[in-house]
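Here is a quick tour of one model, written for someone who would rather look than calculate. Have the structure open and follow along.

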Amino acid sequence: ATGPAGAQREFGETEFVPNRVIAADGKAEGLLTGYYEPLLHGARKPNARFRYPLYGPPEDLVSVELAEVYPELKGMRLRGRLVGRKLVPYWTRGDIDNDAAPLKGRELVWVDDPIAAFFLQVQGSGRVRLENGDVVRVGYADQNGYPYRSIGRVLVERVEGFCSVEAW
């Protein structure tokens, strides 16, 4: 085959080795999934190249399992921070990126690409190759309580505001 589909097939046939997967009970049918794990470049301390931190969970983040108080809310969790005796929403991503949240000292590593750091956070885990060649694995620990909003969805909404998507 020619064209993009042919190139994809050729890539698959030359770069991958097929293996048959059979369950312990002998069945060859099932679901096979894949997982993308990004590799970023970073350092233990910030410098001119590595300026974007990946943080560990903040000390002031409060997480409340609502089912402990109201069983009908099983699976629901509330996250925030205390201001006096009041629980308020946790800092937004913008606040965190602009150093409003008290995360100083919670930096795990510093990376060179803020977009790659964002996608690692969306993905939930990844690896960071340090300057000395060591590789550090990082993984999801918690979140600020705001729902995830797909960057792809935001881009589509913005494009639709300017022109018909079909024109693209």
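A residue counts as buried under 20% relative accessible area, exposed over 50%, and partly exposed in between, using a 1.4 Å probe and protein chains only. With that in hand, phenylalanine 119, at 41% relative accessibility, is partly exposed. Keep in mind that this is a predicted model, where local features need pLDDT of at least 70, side-chain atom pairs count only at pLDDT 80 or more, and totals for chains, interfaces and linings use all residues. Residues are numbered from 1 along each chain as its sequence is written, and side-chain values use heavy atoms, with hydrogens and water left out.

**Rings**

Rings of Phe, Tyr and Trp (its six-membered ring) pair if their centres lie within 6.5 Å; planes under 30 degrees apart are stacked, over 60 edge-to-face, and the rest tilted. Two aromatic pairs turn up by this rule, and here they are:

| Ring pair | Centre distance | Plane angle | Type |
|---|---|---|---|
| phenylalanine 11 and phenylalanine 16 | 5.8 Å | 80° | edge-to-face |
| phenylalanine 118 and phenylalanine 119 | 5.2 Å | 75° | edge-to-face |

In the pair from the table's top row, phenylalanine 11 is partly exposed at 48% relative accessibility, while phenylalanine 16 is exposed at 54%.

What sits over the ring of tryptophan 91? The charged end of arginine 81 does, 3.7 Å from the ring centre. For this, CZ of Arg (or NZ of Lys) has to be within 6 Å of the ring centre and within 35 degrees of the ring normal.

**Sheets**

Helices (H or I, at least four residues) and strands (E, at least two) are DSSP runs numbered from the N terminus, and two strands pair if DSSP finds at least two bridges between them.

One open sheet has five strands in the order 2-6-1-7-8, with mixed pairing. At its edges are strand 2 (52-55) and strand 8 (135-139), each pairing on one side only. Strand 1 (residues 39-43) runs parallel to strand 7 (residues 125-130), with four bridges between them; leucine 40 has valine 128 as its bridge partner in strand 7. Strand 1 is also joined to strand 6, this time antiparallel, by two bridges. Tryptophan 110 in strand 6 is a handy landmark: it stands opposite alanine 43 and is also the bridge partner of proline 53. Strand 2 and strand 6 are antiparallel over four bridges.

The other open sheet has three strands in the order 3-4-5, paired antiparallel. Strand 3 (62-65) and strand 5 (86-88) each have a single partner strand, so one side of each has no neighbour in the sheet. Four bridges connect strand 3 to strand 4 (residues 77-83), and valine 64 is matched with leucine 78 in strand 4.

**The largest pocket**

A pocket is an open set of points on a 1 Å grid over the protein atoms alone where a 1.4 Å probe fits, with protein on both sides within 12 Å along at least five of seven lines; lining residues have an atom within 4 Å of a point. The largest pocket has a volume of about 1,500 Å³, the volume being the space filled by probe spheres set on the points. Of its 45 lining residues, Arg93, Ile96, Gln121, Asp142 and Asn144 are the closest to the centre. Elements giving two or more residues to the lining include strand 2, strand 6 (107-111), strand 8 and helix 4 (151-162). Which element gives the largest share of the lining? That is helix 3, with seven residues.
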